[in-house]
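Hi everyone, and thanks for coming. Please pull up the structure on your screens, and we'll walk through it together.

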Amino acid sequence: MSSAINDSQEMRTGSPEPPPRETRDWSGVLETGCTECGFPAGELTPQETAHRLRDVMPGWEEALRSDDVRHRPMPTVWSPVEYACHVRDLCRLLPARLSMILSFDNPEYPDWDQDAAAQEHAYWTEEPLAIADDLSRWAAAAAAALEACSTAQGERTGRRSGGRTLTLNQLCATFLHEVHHHLRDAGGGRSGQSAQDRAEIIDLLQRFFSAFVPGPAVHRGAGILREALLPEAVIIRAGNGSTAVYGVAEFIEPRVELLSRGELLGFREWADSARIDLFGDIAQLWCGYAKSWSQDGLDHRGRGLKGIHCVRASTGWRISSIIWEDEREGLPIPLFPPLPRLDD
Ligand SMILES: [Zn+2]
């Protein structure tokens, strides 16, 4: 990694100047959200936090692979590797705080001075690859500790020394906000690849596929499709040299009719892999999908590939166009990163 070889100016001349002391009230995000990184207001359950923490970690790995990972953008602003050290320490502290909040009534956490920690451990001297490894290990430990909490424990409380009392759910939201916000500080998402947007697009994708269900539920599914698609969306099936072009209603109606007829028993369709490229308010996806059903006593399975365009509308991310083709002999589906399957 070139950045590890190119020692920064600071490395040669001793400690860089510390940034101004952190005075921001990170718990303010609970009421207002964060206008800088777009993190929404409100609380998070420990389970949701664990899930979203795992989602955001690939962004950190990417940020730590950049060439200027040890470069401070300004003399008193941390470099990406210093931010990563800080986030690693937040992840390292979290299991101990969770253990206290679950074991005692409204405990006060031991004081932790993040600026002193940065100086003491000389964050600027850390090797990016070692920190990437460390961060992913401690984030996994934090996610496991979060998953060990029950939803019913979300209202238990704890106190930061000199800070306000937060419930477990509020602690979760402020923790995840810091991980998310500092990824932006560290240059992750520079090209608009925000972890939050990716999570929302994956959610949109899974809702879209979950809508194709047989029986009476298909009408609820049609509502999900109308919400997921822009009203002006275009959907095109290709294959064998011919195309079928649909508007939203033309696409939905025959599928509702087919699925409500009761011939396709247990029909399910799901996205199993995707590559997502984001830029600002637009995104394009390559998405591998699979489907299974029984008909006339025979089990069927199918796969295919969809090219999907999404756009951030005033109401959130929506699908603006889909092109798809089913898998056939001589046309294997390319490998994309796997997607988590929707539970219900
Ligand atoms: Zn933020």
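I'll start with the overall layout, then turn to some helices, and finish with salt bridges.

A quick word on what you're looking at: this is a predicted model, where local features need pLDDT of at least 70, side-chain atom pairs count only at pLDDT 80 or more, and totals for chains, interfaces and linings use all residues. Residues are numbered from 1 along each chain as its sequence is written, and side-chain values use heavy atoms, with hydrogens and water left out.

Let's begin with the layout. The protein chain is assigned domain 1 (2-190) and domain 2 (197-326); these bounds come from an automatic or database domain assignment. Taken over C-alpha atoms, the centres of the two domains are 36 Å apart.

Now find helix H8, residues 168-185. Helices here are DSSP runs (H or I, at least four residues), numbered from the N terminus. The expected span is 1.5 Å times one less than the number of residues. For the 18 residues of H8 that gives 26 Å, and its end C-alpha atoms are indeed 26 Å apart.

Is H8 enclosed or open? Of its 18 residues, 16 are buried, so H8 is largely enclosed by the rest of the structure. Buried means under 20% relative accessible area, exposed means over 50%, and partly exposed is in between (1.4 Å probe, protein chains only). Just after H8, look for Gly187, which takes a positive phi of about 90°.

One residue to click on in H8 is Asn169. Asn169 is buried, at 9% relative accessibility. Leaving aside residues up to four places away in sequence, Asn169 touches Glu43, Leu44, Thr45, Pro46, Gly154 and Glu155. Contact here means heavy atoms within 4.5 Å.

Which way does H8 run beside helix H4? H4, residues 46-64, packs against H8 at an angle of about 10°, with the axes 10 Å apart. The two are therefore roughly parallel. Among the residues making this contact are Trp60 of H4 and Phe175 of H8. For reference, axes are lines fitted to C-alpha atoms, for helices over the stretch in contact, and angles run from 0 to 180 degrees between N-to-C directions. Under 35 degrees counts as roughly parallel and over 145 as roughly antiparallel.

H4 has another partner, H7. Their axes come within 9 Å and cross at roughly 175°, which makes H4 roughly antiparallel to H7. Residues in this contact include Trp60 and Met57 of H4, together with Leu135 and Ala139 of H7.

H7 also leads us to the salt bridges, meaning a side-chain nitrogen of Lys or Arg within 4 Å of a carboxyl oxygen of Asp or Glu. How many does a search of the whole structure find? The search finds 20.

Have a look at Arg88, which is buried at 8% relative accessible area. Arg88 bridges to Asp134, with the closest N and O atoms 3.1 Å apart. That pair links distant parts of the chain, with Arg88 in helix H5 (residues 80-103), Asp134 in helix H7 (residues 128-147), and their positions 46 residues apart. Asp134 also counts as buried, at 19%. Arg88 forms a salt bridge with Asp89 too, again with closest N and O atoms 3.1 Å apart, and Asp89 is buried. Zooming out, Arg88, Asp89, Arg92, Asp134 and Arg137 are linked in a network of salt bridges.

Finally, visit Arg261 and Glu257, whose side chains meet in a salt bridge at 3.0 Å, N to O. Arg261 is partly exposed at 42%, and Glu257 is partly exposed at 42%.

Notes. Angles under 35 degrees count as roughly parallel, over 145 as roughly antiparallel, 65 to 115 as roughly perpendicular and the rest as oblique.
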